[in-house]
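Here is a predicted model to read through in questions and answers.

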Amino acid sequence: MSEVDFAGADLSGANLSGADLYRANLAGADLSGADLRDALLSRASLAGANLSNANMVEAGLRHANLTGANLTDANISQVEWTGTDLSGAIWVDGTVCDDGSIGRCITAD
């Protein structure tokens, strides 16, 4: 499914465990409660996506775009964040990542 276009799709609760979503367009998609364990999301666009309560354990998000994404209460254990843009993303604890948050969520607090 690499390079697939699911922009704005309702994928809430979907089982995408182990899926190859390399360069996929998931911008604005609802992935709340989705199972993304071990999914390959490198270079994918998840800008503005709702990932709240998603299971993202060991997902590969290298160089993905998560600007403005909602990660509230997501399980992000062992996620690969190298080069991932988290600017404006809502972090798992509800804080908003500052602009320039690349590879990790940076907050002014």
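The turns below go from the whole chain to single residues.

Q: What radius of gyration does the protein chain have, beside that of a compact globule with 109 residues?
A: A compact globule with 109 residues would be expected near 13 Å. The protein chain agrees with this, because its own value is 12 Å.

Q: How many helices and strands does the protein chain have?
A: Helices and strands are counted here as DSSP runs, with at least four residues for a helix and at least two for a strand. On that count the protein chain has zero helices and zero strands.

Q: What share of the contacts with a separation of 6 or more joins residues 24 or more positions apart?
A: Contact here means heavy atoms within 4.5 Å. Among contacts in the protein chain with a separation of 6 or more, the share from residues 24 or more positions apart is 0%.

Q: Is Cys-97 buried or exposed?
A: A residue under 20% relative accessible area is buried. Cys-97 has 2% relative accessibility, so Cys-97 counts as buried.

Q: Which residues beyond its sequence neighbours within four places does Cys-97 contact?
A: Phe-6 lies 91 residues away in sequence and 24 Å away from Cys-97, C-alpha to C-alpha. The contacts of Cys-97 are Leu-86, Ser-87, Gly-88, Ala-89, Trp-91, Cys-105, Ile-106 and Thr-107.

Q: How many residues are in the largest nonpolar core?
A: Leu-46, Leu-51, Met-56, Leu-61, Leu-66 and Trp-81 have the most contacts inside this core. Leu-61 touches Leu-46, Met-56, Leu-66 and Trp-81, among others. The core's residue count is 35.

Technical notes: Residues numbered from 1 in each chain as written. Predicted model: local features only at pLDDT ≥ 70, side-chain atom pairs only at ≥ 80, totals over all residues. Heavy atoms only, no water. Rg over C-alpha atoms; globule rule 2.2 N^0.38 Å. Core = buried A, V, L, I, M, F, W, Y, C linked by side-chain atoms within 4.5 Å. Buried < 20%, exposed > 50% of the residue type's maximum accessible area, 1.4 Å probe, protein only.
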